[in-house]
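Work through the exercises below with the sequence and the model open. Try each task before reading its solution.

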Amino acid sequence: MSHLDLRSRESILIGGDGGPALISGKPAESRLFRFVSGIQQPSMPPGKPLPAAKIEILRRWIESGAPLEESAPARTDDKAAIAALEDRPITAEERRYWAFRQPARPSTPTVRSTDWVRNSIDAFLLAALEAKALQPSPPADRRTLVRRAYLDLTGLPPDPAAIDEFVNDRSADAWPSLVNRLLESPHYGERWGRHWLDLVRYADSGGYEIDRDRPNIWRYRDYVIRAFNQDKPYDQFVREQIAGDEINPGSHDALTATGFLRNGLEANMKTEQTRMDELDDLISTSTGAFLGMTAACARCHNHKFDPIPQKDYYRMQAVFFSTQHEDLPLVGEVEVANHKAEQKRIDGLEAPLKKERTALQKPYKDALLAKKKALLPEYIQAALRTPEEKRTEGQRLNASQVEKTLRIPDPEILAALSPSDAARDAELRDQIARLEQARPAPFPAAMGIAEKGPRAEPAYFLHRGSPGSKGSLMTPGILSAASRADVAFPEPAEGAKSSMRRATFAAWVASTDNPLTARVMVNRIWQHHFGEGIVPTPSNFGKSGLAPTHPELLDWLAVEFMRQRWSVKAMHRLMLTSSAWQMASDDIPASASIDPSNRLLWRMPRRRLEGELIRDSILAVAGTLDRKTGGPPIHPYIDPALWQSSTGRTWPGRPDNDPETWRRSVYVSHKRTIPLPMLEVFDKPDAAGSCARRNRSTIAPQALMLMNNASVGLHARYFAQRLEREAAGVEARVDRAYRLALGRSPSGSERSESLDFIRSSPYGLVDFCQALFNLNEFVYIP
């Protein structure tokens, strides 16, 4: 690396390690011109000289003084000048932007139709409706409400008994009691944890072409599900994920929570640039998920729309800069020490066996390598024959590629061994295998984050985001526009195992003084209950995002969230007990003509189930769903033709009829490059980055999946078998099928057509069951 910077005239004149790149007005003396013109070797660009006309343009440019419009800061030793370039003051007006103002609890508005108002949510919504001469839709019927509640809170359809129990319960507390029961269900955390996993780009593998499996990351998934089920205060939930190892190193939950910082893509090559990309992912995901801001846009320059200076970006990077990947033991120190000692003992027993085997195979391996090298092109053989210190740059590259890639597979070596050597090699292999079997099982560990010690590694401002253009040393910081004062990052206490910077940053993010955090989370909860957030761009509260439809309601909810000690379940109760959430979802032409996009929420939006919930509902209705919670991921069958390649990726899929694969879809392994087709076709995100809002496509492959997929067909057969067990006669089976799949009895015409269809074929009942899986009513929340 010669450190030559061609982005400004001054840096070109300064040059790199070899001196100035050009001398103004003197092309013949300028190294840049001499290399490009071929006067000096090596000629540039290598192997493909520029046309004479372009070389002449370069000559004339240098001769004219090499004028260049400045587009980047020149290299300079003037630290004050560099610091001045890095500063970008935030104005008082910019701080008055709505998202940066502290939320204040507004007064509940007065409305005319007071009978409709059950809580403050209704008052804010109704005030906006009445201002546009709109009326809220009538309430949904009780069967619709109970099905909506089950799907919304647990992601599973209610069974007929649960529906009948609610429909027949006319007590005043029937509805809040149902909501509370569902919030206490272990399946609630599976449903709402899945929303969070989208946001934090959770996957069971590292991505890119190698896509290595992450055998311990599932513990982070289970941590998230457990946190929602326990109604862990959201501020604690935030702090643990950013800095669990710093704030509570003795807690397995807190250590596991730092898997949030490990969920990003894992580069196959480790360089300074890929490390910058990893840190960018941490900043992007942290500020987007918790703060609803697009701070990653300030990596290379000041943010173009929001008051986020590039310096803020690199001060936040300094918070995370010292982190390193680490598998954190979830057992005591004694058990870890014993495990290491046993591993070391077995390594010691294996070492002489492996050494003998390597020596035994070496002459055969060398002979095979020589034969393969003899088949290579002559110019490569010449490079290999040339002593390393005498090789040209091209020969060094060729020789290096051969040495890295030319391998003799074990089967070829074994086939070449003499009978006596083959027998001894087999003995050695057998002894090594027996020792491997004696190794202790891995102790439980969490994929998390740690630091080398209390002294933070230096982090720098990078001009244009380039690691080769380091500016000032950065101190840790926050998002300046969202804070009334800078936050002090104290030095770690004596004996600390890390810089404690993340703990300070996390405390600011989760503070009641932060104007963004509560707003962003209540908006996400609203989004998943009502189809769209009050701010329709849930991870972008900046000027390039969309403005809130009901800003006063958003502030009221944010303040209420903090008053309720950051309880997510309290927000669920508030929203589900409102008249707004209990409205029917039918269109009303008069209202649609005024507000066609339903931005003012005059009816309950209709929402298609996510792919995971469609699969889960099929299993639940068929009676095959395994409701066991937690644990390592499962691997349903995927046709190998969809994923086999030379990169070594694997998918240990089990047959469709293996009950081990009939668990909820949140437990299906999310391998980034091998998605389960059933989930992919229904818009499951690829986890390349944070997903705040899933796409909602309607495409032909979705219908084809439900009609032709082997697993769907299998569970249609199990559904038919369930009907045969639970109902006597075709008419009773039709009624039972509708009640199980759709939560209601069939209409007269539906019953008649279903009976005719079933009786028309020996496979009629199975086909009828699969047809129910294909109904819009089955795959939509009513």
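Two exercises on helix packing and burial follow.

This is a predicted model, in which local features need pLDDT of at least 70, side-chain atom pairs count only at pLDDT 80 or more, and totals for chains, interfaces and linings use all residues. Residues are numbered from 1 along each chain as its sequence is written, and side-chain values use heavy atoms, with hydrogens and water left out.

**Exercise 1.** Determine how helix H12 (residues 234–247) and helix H21 (residues 501–509) are oriented to each other.

Solution.
- Step 1: The axes of H12 and H21 come within 8 Å and cross at roughly 150 degrees. Axes are lines fitted to C-alpha atoms, for helices over the stretch in contact, and angles run from 0 to 180 degrees between N-to-C directions.
- Step 2: H12 and H21 are therefore roughly antiparallel (angles over 145 degrees).
- Step 3: Contact means heavy atoms within 4.5 Å. Residues making it include Val-238, Ile-242 and Ile-247 of H12 and Phe-505 and Val-509 of H21.
- Step 4: Sorted by class, this contact has nine nonpolar, no polar and five charged residues. Ala, Val, Leu, Ile, Met, Phe, Trp, Tyr, Cys and Pro count as nonpolar, Asp, Glu, Lys and Arg as charged, and the others, Gly among them, as polar.

**Exercise 2.** Describe the span and burial of helix H26 (residues 611–622).

Solution.
- Step 1: The twelve residues of H26 reach 17 Å from first C-alpha to last, close to the 16 Å expected at 1.5 Å a residue.
- Step 2: Twelve of the twelve residues in H26 are buried (under 20% relative accessible area, 1.4 Å probe, protein chains only). Among them are Glu-612, Arg-615 and Asp-616.
- Step 3: Gly-623, just after H26, has a positive phi of about 80 degrees.

Technical notes:
Helix = DSSP H or I, 4+ residues; strand = E, 2+ residues; numbered from the N terminus. Parallel < 35°, antiparallel > 145°, perpendicular 65-115°, else oblique. Expected span 1.5 Å × (residues − 1). Buried < 20%, exposed > 50% of the residue type's maximum accessible area, 1.4 Å probe, protein only.
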